[in-house]
Amino acid sequence: KRCVCAGNWGEPPPLPRVRRLRFGAHFAAPRFEGREPRQASDAEKLSVLTALAAEIEALATAAEALAPDADDAIAAHAHALTDVQNRWRAVGPLRPALIASLRERYRAALDAAYAPVRAQREASDWDRFASLSQAEELTAQVAALASNEDLAAVVEGVKRAQAAWKKLGPLPRERSRAVWDAFHTLCQDQFTRCAPLFAQREAERQASLERKRVLIVEATALADQGTVGLAGSIADQQTKRTAVERFKAIQAEWRELGPVPRELDREIWDAFRAVGDRFWNKHKAEMAVRDQAQVENLQQKTALCTAAEHLATSAETAQRERTGLITPPDVLRRIREIQMQWKAIGHVPRPDVEALWTRFKTAADRCYAAISEYLGAIDAERQDNLARKQAILTELEEIQARENPHWYQDDLRALLRQWRDIGQVPREDMETLARRFAEVSQRMGDGDRTASASSR
């Protein structure tokens, strides 16, 4: 026995046989104890991998039925394959001796199952090259715009090219960035060249913005406009009709104006639309009230039609039978009252206007026809009054034409008394006769003032 502490670093002496056996058993025991769990785990893993291999074989069989253009079905098939592969890798390692044949089976099935996915990706690669050709053509189109001096056409050309680019399919990955950078740079160069046009358009947008703000102020005033005079009066109705026509003109002008700065477009439109909604909602409410009033007017005018028809029947009966129960003056007074009431009533719904007016006019014509003899006598009397007044005017004009008309003051006064005592003349001659009489009266006054001045 050697002492290590004494500095003898040589090999330790061999252990006795019994101690060697005990020492080896001490280290071998744990290895033999974990063998059965490892074997059980390997068997479980092998079972899972066998099931996954069978699943891949089923997917390989299903792949044969996939149509080349069934993009959605192929995408779902590829997703299923990826899922199986992920689960295969998640199982963990196994001894090559156990898994070698199963791995070959799995790889063969996986290769067959991936056939439609590979075909689709190859077709996609061809599409990418086709998109590359189109992208290069669009780049050439933008480059050709450099020689065009029409800046508006240049802007439209660049925008068309950009819109077409957005419709392109995917490009080859190794060329995608370079092709896009070339196209984008050319577009930016053309837009830089068009800066004066953009500045002009911006000025036009500002002018359009200012005009639209003015229109909003005017439209707001129309929306806030109240009742003019009495509600429903002629002045109020005319004001509202004018407001409606003006608001329609404002909307038409708004549509004709150009765009405003993009950052204010939504704000300015929302403000105008809010005013428009308020105006037209108010107008709609007023129209509802008006419609209700027109319904009431229809009822009142219908009652007047009935009254005029009853009056016409009574007048015809009295004229035919000479009963004297109602006289022509009564008929004339009553039908005129009904006509005045008709005029005082407002509008009726448009669909009823013509029929209602025809009914009322027919009844009024019947009344006037029933008292036609009386009306004829009145017309004859008025024609006689017209002739008498015309004769008086002629005589007055003759007196004024004499050398000293103021000598005939008594005659003038007598003629004026006769004028006042004469009754009515036909309505169509009233204005002409009154104008002629006013001229004669003015000349008479001027003559009197001249005579007074000369006598002084």
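Start by selecting G346: setting aside neighbours within four places in sequence, this glycine is in contact with N297 and K301. Keep in mind as you click around that this is a predicted model.

**Stop 1: around G346**

Zoom out a little and you'll see that G346 sits in the loop between helix 11 (328-344) and helix 12. Is G346 buried, exposed or partly exposed? Its relative accessible area is 35%, so G346 counts as partly exposed, since that class lies between the 20% and 50% cut-offs. Now add E296 to the selection and draw a distance between the two C-alpha atoms: G346 and E296 are 9.4 Å apart in space, with their positions 50 residues apart in sequence.

**Stop 2: helix 11**

Next, select 328-344, which is helix 11. How far apart should its ends be? With 17 residues at 1.5 Å each, helix 11 should span 24 Å, and the end C-alpha atoms are indeed 24 Å apart, so the two agree.

Show side chains for V331, L332, I335, I338 and W342, the buried residues here. They take up an arc of only 130° around the axis, which puts them on the same side of helix 11. It helps to remember that an α-helix has 3.6 residues a turn, so residues three or four places apart point the same way. Flip to the other side of helix 11 and you'll find M340 and A344 exposed.

What covers the buried residues of helix 11? Bring up helix 10, helix 12 and helix 13 (372-400), which are included in that cover.

**Stop 3: the largest pocket**

Switch on a surface and look for the largest pocket, which holds about 790 Å³ of space. To find its middle, select Q237, M287, R290, Q294 and H347: of the 24 lining residues, these are the closest to the centre. Colour helix 9 (234-256), helix 10 (262-321) and helix 12 (350-370) next, as these are the elements that each give two or more residues to the lining. Helix 10 gives the most, with 10 residues.

**Stop 4: the cavity**

How many cavities of 30 Å³ or more does the structure hold? Just one, and the volume of this largest cavity is about 110 Å³. Select L222, Q225, G226, K240, A243, V244, F279, K282, H283 and E286 to see its lining. Helix 9 and helix 10 are the elements that give two or more residues to that lining, and helix 10 gives the most, with four.

**Stop 5: helix 3**

Now jump to residues 71-91, helix 3. Its 21 residues should span 30 Å at 1.5 Å a residue, and the end C-alpha atoms are 31 Å apart, which agrees.

Pick out the buried residues of helix 3: I74, H77, A78, L81, V84, Q85, W88 and V91. An arc of only 135° around the axis holds them, which puts them on the same side of helix 3. Turn to the face pointing away from that buried side, and D72, H79 and A90 are the exposed residues there. Just past the end of helix 3, click on G92, whose phi is positive, near 105°.

**Last stop: the whole chain**

Reset the view and switch to cartoon: you should count 15 helices and zero strands. Of the 456 residues, 26% count as buried. The chain exposes about 30500 Å², with carbon and sulfur atoms supplying 55% of it. Finally, take contacts between residues at least 6 apart in sequence: 78% of them join residues at least 24 apart.

Definitions and conventions
Residues are numbered from 1 along each chain as its sequence is written. This is a predicted model: local features need pLDDT of at least 70, side-chain atom pairs count only at pLDDT 80 or more; totals for chains, interfaces and linings use all residues. Side-chain values use heavy atoms; hydrogens and water are left out. Buried means under 20% relative accessible area, exposed over 50%, partly exposed in between (1.4 Å probe, protein chains only). Contact means heavy atoms within 4.5 Å. Accessible areas come from the Shrake-Rupley method with a 1.4 Å probe; for residues, only the protein chains shown count as cover. The expected span of a helix is 1.5 Å times one less than its number of residues. The arc is that of the directions from the helix axis to the C-beta atoms. On a 1 Å grid over the protein atoms alone, a cavity is a set of points where a 1.4 Å probe fits but cannot get out, and a pocket is an open set with protein on both sides within 12 Å along at least five of seven lines; lining residues have an atom within 4 Å of a point. Grid points are joined across faces, edges and corners, and a volume is the space filled by probe spheres set on the points.
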